[in-house]
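Subject: Structure handover

Hi there,

Here is the structure I promised to pass on to you. Have a look at it first, and then read on for what turned up.

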Amino acid sequence: MEQILNIVKTRLNITDEQDALISSYVQEIGQRILHFCNIDEIPEALYYVWASMVIDVLRIEQPQLFEQDLNTLNVRIGDTQIMPATPKGMTNTAKSVIDTVVYNYRTDLNRYRRLRW
């Protein structure tokens, strides 16, 4: 899991302050992958898929981590300024967001899925 945490932090340019938060998402998505695929251990070939899934969930549930990026997208022409919309006050339930992300990555996960007997 440490490797996934490092991939996510590198891709999102996040400091060590958010390790606990990101770790919780890494663990939860890891459990969802194990459950979806009916396997005991996540293969190394799925590590980047796992990291991408964590990033997707973070972008939806923790938009404040990305506010710095949104501020650079402001466009000012004369006295008019255009800024991207931010979902302030928007709440998502973790279960529905994570279920949606797992569903979106099912084509990547199906290759590793095992039948239960």
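Leu109 is a good place to begin: setting aside neighbours within four places in sequence, Leu109 is in contact with Ile33, Phe36, Cys37, Leu46, Val49, Met53 and Val102. Please keep in mind that this is a predicted model.

Leu109 also stands out in the largest nonpolar core, which has 34 residues. Together with Val8, Ile33, Trp50 and Met53, Leu109 touches the most other members of that core. Which elements give two or more residues to this core? They are helix 1 (2–12), helix 2 (19–37), helix 3 (47–61) and helix 5 (94–104). Helix 3 provides the largest share, with 9 residues.

While you are looking at helix 3, stop at Val57, which is found there. Val57 has a relative accessible area of 0%, so this residue counts as buried, the cut-off being under 20%. Leaving out residues up to four places away in sequence, Val57 touches Tyr25, Ile29, Gln62, Val97, Ile98 and Val101. One of these partners, Val97, is 40 residues away from Val57 along the chain, yet their C-alpha atoms are separated by 6.8 Å.

Now for the surface. Val75, Ile77 and Ile82 form a nonpolar patch there, and together they have about 300 Å² of accessible area. Val75 belongs to strand 1, which covers residues 75–77. Is Val75 buried, partly exposed or exposed? Its relative accessibility is 40%, and because partly exposed covers the range between under 20% and over 50%, Val75 counts as partly exposed.

Finally, some figures for the protein chain as a whole:

- The chain holds 6 helices and 2 strands.
- Read from the N terminus, the order of elements is α-α-α-α-β-β-α-α.
- The chain has 117 residues, of which 34% are buried.
- Of the contacts between residues at least 6 apart in sequence, 69% join residues at least 24 apart.
- About 8,100 Å² of the chain is exposed, and carbon and sulfur atoms supply 50% of that area.

If you want two spots to open side by side, I would suggest Leu109 with its partners, among them Ile33 and Met53, and then Val57 with its own, including Tyr25 and Val101.

Happy viewing, and best wishes

Terms used:
Residues numbered from 1 in each chain as written. Predicted model: local features only at pLDDT ≥ 70, side-chain atom pairs only at ≥ 80, totals over all residues. Heavy atoms only, no water. Core = buried A, V, L, I, M, F, W, Y, C linked by side-chain atoms within 4.5 Å. Buried < 20%, exposed > 50% of the residue type's maximum accessible area, 1.4 Å probe, protein only. Helix = DSSP H or I, 4+ residues; strand = E, 2+ residues; numbered from the N terminus. Contact = heavy atoms within 4.5 Å. Patch = residues over 30% accessible without salt bridge, like charges linked within 9 Å, V, L, I, M, F, W, Y side chains within 5 Å. Areas by Shrake-Rupley, 256 points an atom, 1.4 Å probe, with all protein chains shown as cover. Salt bridge = Lys/Arg side-chain N within 4 Å of Asp/Glu carboxyl O.
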